Structures are given as structure tokens and as C-alpha cells.
Amino acid sequence: MKIVHVASELFPYVKTGGLADAVASLAGTLADRGHTVTVFLPGYRAVLEHGHAINAERKFRLRIEMGDVFLSGEVRVFSPRANLQVFLICRDEFFDRRAAYGNGERDYEDNAERFIFFCKGVVEALRLENIEADIVHAHDWQAALLPLMLRDAERRHGVTLAMKTVCTIHNIAFQGLFPRSVFAQTGLPDELNNVDGLEYYEQINFLKGGILFSDRVTTVSPRYAQEIQTPEFGCGLDGVVQTRADDLVGLLNGVDSAVWNPATDALLPARFTASNLRGKETCRAELLKRCGFDPAFNGPIFGMVCRLTEQKGVDLVLENRDFFLTETCGLVVLGSGDKRMEAELRTLASRAPDKITLCAKLDEAMSHLIEAGADFFVMPSLFEPCGLNQMYSQVYGTIPLTSRVGGLVDTVIDIDAEPERGTGITFAPTAKGLRGGLMRAIELHARKDDYTAVQRRGMARDFSWNTAAAAYEKLYRDAI
Ligand SMILES: Nc1ncnc2c1ncn2[C@@H]1O[C@H](COP(=O)(O)OP(=O)(O)O[C@H]2O[C@H](CO)[C@@H](O)[C@H](O)[C@H]2O)[C@@H](O)[C@H]1O
């Protein structure tokens, strides 16, 4: 099949979270399985400066109608592996910036314009390049207008650009909500500027467009596909999602074993496998050293790697600060984002620097070291579409502590609920729930044989992207 993915992030070129990992793995795996895959990505500064893109071919110039003006841009292309091409929609005024979405304090004020331009650029490139895709697959709100714009362009130009479109929701909390005035820039017919179209409580909602107007809608776990149809998890779009229930499916993400594999991971000081865990001890020792903890400390180390946001349950950790201060354990948090959470974690760390630390930055190598060197991985999310780190931690023999929401339910088996199969500790998404999970972790850690058995069961699990990619293939085929 000719498959086109459209996303605002792609590992290793630009990543703010799991979207980048998921799109890269899916596109790469589909390419390896013999499909012709194209990924469209904004030509951000970070991407253009990446070694792969430096000599990207300049394909053609763009002239995009945005309301009553035309804006110019350029399409560049490079191929990082067989069967895979990455097309960059470039316009320095929009994408030659330090970050993808904002300056750290707030979102860029022209994000609506930037991603309308991006989607229109993709449509134009599909037309000029004559790709004739079987599937155009849009990810998250930044690409969600694409299915609509594509059909609109087909009508205008009398061409077929794609057989079917798919929209994947990686996180329904991010919808691309903008003032209604941005509608004019989309160039879409006026009848879409209402409640049956993009309008959402007097605003324009990009993700709503993707949900309503794609041939198929997917999300990243079966449990989340159910949850987003409820007011509790639908973030106001549950009614819209319900209208597409027949075309909605939840397909679990996987683990990219070229990047996340303890037996080959070049970012670690030592490698290891389920049958030989000595390298994991070296990773643990290195982690203790990097954190400035006592090298002889042998209590459990809890690791956490996430964007610091409400979603990730950082406040539940903070509400349990006395646990981390009083129990014989260590806590390593790698994450940045919300300034209040960052400050409170920093204060907590300053009260016990010998056993609690915050590393407030994006650091790919450190995230691998935590996955490998910690004894437990803490993920008390309030909601979680899929979650990747709980899978990475099982693969790395680090026992996950996860709340019972979304994809965490689909990927972690509780050791008390299923003593013979359990791979982690699960709990209700509350401070009390987390507290219970932490206590169970301390007890498990003290029972060395049980701990190792759980560890090995996690390492034996298959989270391969081949399974996930095969599910997407089936979805594409059924749609066509
Ligand atoms: N400071 C830091 N330094 C280095 N790496 C860091 C980091 N902070 C986060 N990361 C990395 O970013 C990724 C986060 O992925 P997740 O899937 O856990 O969450 P995210 O909410 O971003 O993704 C959304 O999309 C994905 C993909 O579909 C869903 O799994 C998820 O549930 C949904 O919320 C992981 O690879 C993690 O290691």
C-alpha cells in the first residue's frame, strides 16, 4: 500500500512526547513490512539541522492561499530508510523557531495559522507529487484538518489524492481550539463553520474536524477508545466521538526495539537481558552516581519520566511527599513543563537531596538510564491514552506502578490480581491509590525472588510494533 502519515512530531527529528515515538515506529515498521510510506512533518529548525535533513532535496515551492493572502513555502524531502520518505513543509516564518509549539511559557500565538498552513501544504504536495495514496493517516489536532482539506481539494481540482483517510487521537485533551476567526484561513466551505462542522462552543476545534470527517478514527488503546466516549475522559468531545463509534477502534502502540532494547541500548553504561541482569546493576549504580545518591544504597529506586502536566499525576506524587521523605527509598524524576510542579518537586528534592532528585529537562539518554537503572517506574496518570514508558519499563526489567486508566490497563497486569502472570502494580488514580501501590512496591522489593520473577515476566512480554503495525494494515485494508 501507499501510506501517507501526517504528524507534527517524528522521532528522532522532533519530539515533545509520545507522539513522536509512536509515529516514527509505526511509519518505520510499515516501511519495513514493504509498504511505500511517506511522512509529512513541519520543517522545524530542529529537523532541518538534523544530519539526515541537511542535504534534503528541495522538491518544489509552495504558494498557499490563507484567507485573503497567499503565503509561500517550500517542500523538502529525504529518505532515512528503504521505503520511507520524509517530506518537510517549510516556511521559516512559521517553523524556524526554538520549539515546536511554544516558548515554554505559552503557546505560539499563530499556531492555528502554522498548522493550517502545514495541512494545506501537505495537500498541495500530495497533488503536485501525484502520490495517489491508498491511505492518508493524520495524527492529532495539528493534522486533523487534513482529511477535510484533502476532500475539498479533490473537489476543486477534480483529482483523487487518497482512497481513504484515518485520524488517530493520541490525546483528546489537546484539540486545537482557536477563535472562530481562524476559519477564514482554512478556505473550507462556510457550511463547515457551524455545529455540524468545526464549530465548538463559538470556537473552531481542529480535532473535531478529524473525528467527524475521516473515514476511520483510531486511538492508541482499546480502553481509551471506550473512555473517550464518556464525559469523564472525553474532554467535551465524547458526544462527537460517540457519533463515530462504529468507525472507531483502539490499537495499542508498541515498543520500538531498535531504540528501546536493553540488550543493545547504546545509551546505557551496560547492557542486559532477562537471563543476565548484571548489566542492570551497573545501570543502577550509574543512576545513583548521576543523582548524587549514596552508591551503597540498596532500597528501591522509583523512577519517573514524563511531561510535567496534570495528566501524568505529578500532583499525586507530591501529595505523597512524606512517603518519599520517610521511607527507605529513592525517587528520580526526569521531566519539564508546568512551572509550579517543577518548583514543588525541586523543593521536595531539596529536603532530601541524598535520595530525591529532579532533572528538569528533556534528556533522551537520561530517560534510558532511568528506565534501566530504577527498580520501579511510577506512572500515576489521571488519564493515559496508551502510555509508552510502562511498556519500556517492563522491557527493561523495571516494575511499573500504574494507575488503572486507559492504555495502562491494557498493558500492565497487576501482581495481586494475577499472581502467576502479574508484571506490575496497579491502583486507582488517586493519591491514596498511589500510596497503596508504593507500599506494595516496598514489600515486593523486600521479597527478592518474587521481585525477580515479576521482573522476568515483564521482560518476556512482546510489545513489538509488528503486532501494532499488522493491526493498522488490517484497518487500512478493511477501509479500502
Ligand atoms: N524530560 C524528558 N526527557 C526525555 N524523554 C522524555 C521526557 N519527558 C517525556 N519523555 C518521553 O516522552 C515519551 C512520553 O510518551 P507517553 O506515551 O508516555 O506520553 P505522552 O503523553 O507524551 O504521549 C501521548 O501520545 C502517546 C503516543 O500515542 C501515548 O502513548 C500517550 O498516552 C499520550 O498521552 C516517552 O518516550 C518518554 O520517555
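**Exercise 1. How many of the seven residues of strand β6 are buried?**

Solution. Start with the ground rules. This is a predicted model, where local features need pLDDT of at least 70, side-chain atom pairs count only at pLDDT 80 or more, and totals for chains, interfaces and linings use all residues. Residues are numbered from 1 along each chain as its sequence is written.

Step 1. Find the strand: β6 covers residues 133-139. Strands (E, at least two residues) and helices (H or I, at least four) are DSSP runs, numbered from the N terminus.

Step 2. Apply the burial test. A residue is buried if 20 or more other C-beta atoms lie within 10 Å of its own, exposed if 12 or fewer, and partly exposed in between; C-beta atoms are placed from the backbone.

Step 3. Read the result. Six of the seven residues in β6 are buried, and the strand is mostly covered.

**Exercise 2. Find the strands that pair with β6, and give the sense of each pairing.**

Solution. Step 1. Two strands pair if DSSP finds at least two bridges between them.

Step 2. Take β1. Its pairing with β6 is parallel, over four bridges. Here I3 is opposite I135 in β6.

Step 3. Take β7, residues 162-169. Six bridges join it to β6, again in parallel. V136 is opposite T165 in β7.

**Exercise 3. Work out which strands stand at the edges of the sheet β8-β10-β9.**

Solution. Step 1. This open sheet has three strands and antiparallel pairing.

Step 2. β8 (177-179) and β9 (199-200) each have a single partner strand, so one side of each lacks a neighbour in the sheet. These two are the edges.

Step 3. Check one pair. Three bridges link β8 with β10 (residues 203-205) in the antiparallel sense. F178 has I204 in β10 as its bridge partner.

**Exercise 4. Place K15 and explain its exposure class.**

Solution. Step 1. K15 is in the loop between β1 (2-6) and α1 (18-32).

Step 2. K15 counts as partly exposed because it has 18 C-beta neighbours inside 10 Å.

Step 3. Leaving out residues up to four places away in sequence, K15 touches E9 and A20. Contact needs C-beta atoms, placed from the backbone, within 7 Å.

Step 4. An unreviewed UniProt entry lists K15 under "binding site". Such annotations may be inferred rather than shown by experiment; UniProt positions follow the numbering used here, and feature names are shortened.

How values were computed
Two residues are in contact if their C-beta atoms, placed from the backbone, lie within 7 Å.
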